[in-house]
Amino acid sequence: MFKKVSFVGAGSMAEAIITGMLAKGFLKSNEISVTNKENKERLERLVNLYQVDSSSDRGKVIKGADIVILSMKPKDIKDALHAIKGYIEPNQIVVSVLAGVSTDYISVELGLNAPVVRAMPNTSATIGCSATAIAGGKYANNEHIEKVKELFQTIGTTAVVDEADLHAITGLSGSGPAYIYYFAEAMEQAAKDAGINEEVAKELIIQTFVGAAQMLKTTKEEPAVLRKKITSPGGTTQAGVETLEKYKSQEALIACIKQAGARSVELGSAFQARSSTLK
Ligand SMILES: NC(=O)C1=CN([C@@H]2O[C@H](COP(=O)(O)OP(=O)(O)OC[C@H]3O[C@@H](n4cnc5c(N)ncnc54)[C@H](O)[C@@H]3O)[C@@H](O)[C@H]2O)C=CC1
Ligand SMILES: O=C(O)[C@@H]1CCC=N1
């Protein structure tokens with residue numbers, strides 16, 4: 001069991017994970033400790049909403065934690081690592097949810113052989129529905145990975161992957177909910193254009209997403225097979241999908257996911273360059 005989990009960075013991803021862990025009763029509020037950079041309001045928000053412990057004293061936040069979760073933006077990682085490296089205790093697992101930044105970079109900047117594990121969750125963690133990919137760095141053994149898995153299982157499903165795959169996975173399931181919301185926005189606009197009551201449209205759209213996701217999960221049928229079952233020859237679905245094809249929508253979505261993965265590589269390579277100049 002965990003005694004304490006600490007967050008360095010108190011933004012939306014930290015909040016999503018905290019909400020999920022508390023909702024599952026994985027930890028009590030006072031077993032979660034959070035620190036942030038300058039944004040005091042963010043810290044206050046988390047303290048007021050979730051009664052977690054917080055401090056601007058990084059040593060205090062990190063002390064006694066089983067897991068220290070790094071949850072700042074990639075641009076802030078170097079400063080953050082330098083500010084905490086003096087406080088990391090032996091056997092503490094350092095978990096990074098940052099897009100692109102490698103475990104090697106984190107180990108080099110920390111200057112420690114601490115076990116570093118990367119996790120790529122998504123914001124559905126807020127309601128216990130994240131899809132989290134997990135990869136261990138060179139100092140992380142199976143036991144460390146299992147512990148991190150245990151934590152992230154409280155906020156959804158987990159999959160242990162090779163670190164090299166995390167770039168593509170970040171573009172797929174880390175950013176993934178945003179693509180679904182983008183699609184939902186388009187459906188809302190189409191309903192509005194058709195003069196459908198906003199509340200009615202919202203409910204219909206949400207249930208359409210939930211139902212389709214449940215169909216994929218429950219029937220385990222291929223998406224293309226499920227789609228064909230809806231598509232009557234010469235019917236409405238065919239007319240709709242043909243329009244999607246006219247706009248090359250599938251190509252656009254594939255390019256979108258690849259581009260997001262490529263951005264993760266780009267973010268990561270900037271950090272690789274910096275760490276190797278330090279060696
Ligand atoms: N938002 C998302 O859907 C997902 C985000 N991520 C990753 O999570 C990380 C955080 O993303 P968000 O929570 O969306 O960002 P955010 O901007 O909401 O939060 C980042 C927080 O880190 C704090 N911070 C900056 N420098 C710091 C330092 N030196 N020490 C302590 N705290 C510091 C900032 O004050 C801010 O509150 C990013 O690296 C992102 O790649 C991963 C998966 C999904
Ligand atoms: O947009 C980003 O960079 C982060 C990583 C995955 C989701 N959000």
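## Strand 7 and its surroundings

Let's start in the sheet: strand 6 (residues 116-120) and strand 7 (residues 130-136) run antiparallel and are joined by four bridges. Keep in mind that this is a predicted model. Within that pairing, R118 has A135 as its bridge partner in strand 7, while M120 is matched with A133. In general, strands of a sheet pair through backbone hydrogen bonds, and they can do so in a parallel or an antiparallel way.

On to the other neighbour. Strand 7 and strand 8 pair in the parallel sense, over five bridges. Here I134 stands opposite V160 in strand 8.

Now zoom out a little. The sheet is open and has eight strands in the order 3-2-1-4-5-6-7-8, with mixed pairing. Its edges are strand 3 (53-54) and strand 8 (156-160), each of which pairs on one side only. Helix 5 (residues 103-110) packs on the sheet, where it touches strand 5 (93-96) and strand 6. The direction of helix 5 makes about 135° with that of strand 6.

So what about strand 7: is it enclosed or open to the outside? Seven of its seven residues are buried, so strand 7 is largely enclosed by the rest of the structure. A handy bit of background: in a regular strand the side chains alternate between the two faces of the sheet. In strand 7, S130, T132, I134 and G136 are on one side, with A131, A133 and A135 on the other, and all of them are buried. Both faces of the strand are therefore covered, given that "buried" here takes 20 or more other C-beta atoms within 10 Å of a residue's own.

Next, the ligands. Ligand 1 is surrounded by 28 residues, and the closest are G9, G11, M13, D76 and A99. Helix 1 (12-23) and helix 4 (77-84) each supply at least two residues of that shell. Ligand 2 has A99, T170, G174 and S175 around it. Here is how the two shells break down by class:

| Shell | Nonpolar | Polar | Charged |
|---|---|---|---|
| Ligand 1 | 13 residues | ten residues | five residues |
| Ligand 2 | one residue | three residues | no residues |

Finally, a look at the record. UniProt, in an unreviewed entry, places the feature "domain: Pyrroline-5-carboxylate reductase catalytic N-terminal" at residues 4-100. In the model, that span is 37% helix and 19% strand, and the C-alpha atoms at its ends lie 26 Å apart.

Conventions
Residues are numbered from 1 along each chain as its sequence is written. Chains are lettered from A and ligands numbered from 1 in the order in which they are written. This is a predicted model: local features need pLDDT of at least 70, side-chain atom pairs count only at pLDDT 80 or more; totals for chains, interfaces and linings use all residues. A residue is near a molecule or strand if its C-beta atom, placed from the backbone, lies within 6 Å of it. Ala, Val, Leu, Ile, Met, Phe, Trp, Tyr, Cys and Pro count as nonpolar, Asp, Glu, Lys and Arg as charged, and the others, Gly among them, as polar. UniProt positions are given in the numbering used here, feature names are shortened, and annotations may be inferred rather than shown by experiment. Two strands pair if DSSP finds at least two bridges between them. Two residues are in contact if their C-beta atoms, placed from the backbone, lie within 7 Å. Axes are lines fitted to C-alpha atoms, for helices over the stretch in contact, and angles run from 0 to 180 degrees between N-to-C directions. A residue is buried if 20 or more other C-beta atoms lie within 10 Å of its own, exposed if 12 or fewer, and partly exposed in between; C-beta atoms are placed from the backbone.
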